[in-house]
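Here's a quick briefing to keep beside the structure while you look around. Have the model open and follow along topic by topic.

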Amino acid sequence: MLGKQIKVGNVILDNNVIIAPMAGVSDISFRSMLIDFKPGLMVSEMISDKGILYKNERTLEMCKTLEHEHPISLQLFGRDLETMIPAAKFLDKETDCDIIDINMGCPVAKVVSTNGGSSLLKEPEHAYELVKAIVEAVDKPVTVKMRVGWDSTSINAVEFAKLMEKSGAKMIAIHGRTRSQKYKGDIYYDVIRDVKNAVSIPVLGNGDITDIASARHMMETTGVDGVMIGRAILNNPWLIEEVKADFFEKEYAMTMTNEDRFKWLRSRFIKMIEITEESHAVKKMRGFSTWFIAGLPDSKALKSRFIRMNSVAEFDRIVEEYLEERNV
Ligand SMILES: Cc1cc2nc3c(=O)[nH]c(=O)nc-3n(C[C@H](O)[C@H](O)[C@H](O)COP(=O)(O)O)c2cc1C
């Protein structure tokens, strides 16, 4: 059986299907949509160490967690010990997160230019000192999200992962691409497998998991402890249940019609309004709706209507008209 619990320090993940951190996406409204699918763990969007220290309002908002979403990991990005340690202490003592994750995989120029995210892969000794200092400063388990290396000429994930384990990290999630590949190109399954074989802490395999077959492929070719799924969830949140059922060898029949899918999305919209302001929920739902419909017939026209909607009533009208047109 591929399904199992994962122990991250003193935190037990009930299953090994994990939701990846996604900046601009994985805030509490997005996570509230996924709670009922019961993934083993959800990781927040990356949170700036300096934003925490400067008490930036938006950053502090990102540090909030929901009562029913445990276990939840908040992800920190930054580079310098002087700012990362107090920021990690804040997550440790002033928030309800269960795990603190350190971003060592982000490829975007804004983050890399400050020597954070994936640029830490080029400074293994510094990354080691950073994680070690954070582990010593906090009580909650610390984990690391990384890539296989900076580029194809500098793949160093095995040595890097060993250093992370030595620094006290309690789990590693590895996106099987280099920084240069960003989000496209072949996954280095062999490197993920080598990382898994090189360390004793749990390892999650990440990258291009879009269905049961690709989830199984990740588990079986690399031997990782679990899978971390990002983009595919945006279009198909039921994937969490499907993969879990497959891993734990349970029956699962996906019987959703498009109408059911929209009903589900609407119910999440209402829930989101309950936990955030309506204007914020509407803005978020414009994005979620457009990801959600990718692949549906006439999704382009539907998308252009969703990105301009201003209320639940408008959402209802758009969906009703779309379904009516499709039934003709
Ligand atoms: C919109 C977007 C935002 C992302 N933001 C983060 C982030 O904040 N922290 C991080 O470690 N990875 C981030 N990632 C990378 C994902 O966590 C994941 O590693 C990557 O998308 C590959 O997995 P997937 O193929 O399942 O999407 C982001 C990816 C996307 C598409």
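Start with helix α11: its buried residues are Leu-239, Ile-240, Glu-242, Val-243, Lys-244, Ala-245, Asp-246 and Phe-247. That's eight of the nine residues in α11, so the helix is largely enclosed by the rest of the structure. Keep in mind that this is a predicted model.

**Around α11**

- What do the buried residues of α11 pack against? They sit against β3, α1 (28–34), α9, β10 (226–229) and α10.
- Just past the end of α11, Glu-249 takes a positive phi of about 55°.
- On the other side of α11 in sequence, Asn-236 has its place in the loop between α10 (231–235) and α11.
- Is Asn-236 buried or exposed? Its relative accessibility is 16%, and under 20% means buried, so Asn-236 counts as buried.
- Setting aside neighbours within four places in sequence, Asn-236 is in contact with Glu-242, Met-254 and Arg-261. Glu-242 is one of the buried residues of α11.
- Gly-3, in the segment before β1 (6–8), touches Phe-247 of α11 as well as Asn-16 and Phe-248, not counting residues up to four places away in sequence.
- Gly-3 is buried too, with a relative accessible area of 9%.
- For a sense of distance, Gly-3 and Thr-210 are 207 residues apart in sequence and 17 Å apart in space, going C-alpha to C-alpha.

**How α9 meets α11**

- The axes of helix α9 (residues 212–222) and helix α11 (residues 239–247) come within 10 Å and cross at roughly 50°. That angle makes α9 oblique to α11.
- Which hand does the crossing of α9 and α11 have, left or right? It's right-handed.
- On the α9 side, the contact is made by Ile-212, Ala-215, Arg-216 and Met-219. On the α11 side, it's Leu-239, Glu-242, Val-243, Asp-246 and Phe-247.
- A helix has 3.6 residues a turn, so residues three or four places apart point the same way. That's a handy thing to remember when you read those two lists.
- By type, the residues of the α9 contact with α11 divide into six nonpolar, no polar and three charged.

**The barrel**

- Eight strands close into a barrel, in the order β3-β4-β5-β6-β7-β8-β9-β10, and the pairing is parallel. From one strand to the next, the twist averages 30°.
- β8 and strand β9 (residues 203–206) pair in the parallel sense over four bridges. To find one of the pairs, look for Ile-174, whose bridge partner in β9 is Gly-205.
- α8 packs on the sheet, touching β7 (142–149), β8 and β9, and its direction makes about 175° with that of β9.
- α9 packs on the sheet as well, touching β9 and β10, and its direction makes about 135° with that of β10.

**A closer look at β4**

- Strand β4 (residues 41–48) is mostly covered: eight of its eight residues are buried.
- How many bridges join strand β3 (residues 17–19) to β4? There are two, and the strands run parallel.
- β4 is joined to strand β5 (residues 72–77) by five bridges, again running parallel.
- Met-42 is a good residue to click on: it's the bridge partner in β4 of Ile-19, and it stands opposite Ile-72 in β5.

**Backbone oddities**

- Some background first: most residues other than glycine have a negative phi, and most peptide bonds are trans.
- A cis peptide bond joins His-70 and Pro-71, with omega at about 0°. Pro-71 has its place in the loop between α3 (57–62) and β5.
- Lys-182 isn't a glycine, yet it has a positive phi of about 50°. You'll find Lys-182 in the loop between β8 (172–178) and α8 (189–198).
- At 38% relative accessibility, Lys-182 counts as partly exposed.
- Asp-298 has a positive phi of about 55°, and it's not a glycine either. Its place is in the loop between α13 (278–292) and α14 (299–306).

Conventions:
Residues are numbered from 1 along each chain as its sequence is written. This is a predicted model: local features need pLDDT of at least 70, side-chain atom pairs count only at pLDDT 80 or more; totals for chains, interfaces and linings use all residues. Side-chain values use heavy atoms; hydrogens and water are left out. Axes are lines fitted to C-alpha atoms, for helices over the stretch in contact, and angles run from 0 to 180 degrees between N-to-C directions. Angles under 35 degrees count as roughly parallel, over 145 as roughly antiparallel, 65 to 115 as roughly perpendicular and the rest as oblique. A crossing is left-handed if the near helix is turned anticlockwise from the far one by less than a right angle, and right-handed if clockwise. Contact means heavy atoms within 4.5 Å. Ala, Val, Leu, Ile, Met, Phe, Trp, Tyr, Cys and Pro count as nonpolar, Asp, Glu, Lys and Arg as charged, and the others, Gly among them, as polar. Buried means under 20% relative accessible area, exposed over 50%, partly exposed in between (1.4 Å probe, protein chains only). Two strands pair if DSSP finds at least two bridges between them.
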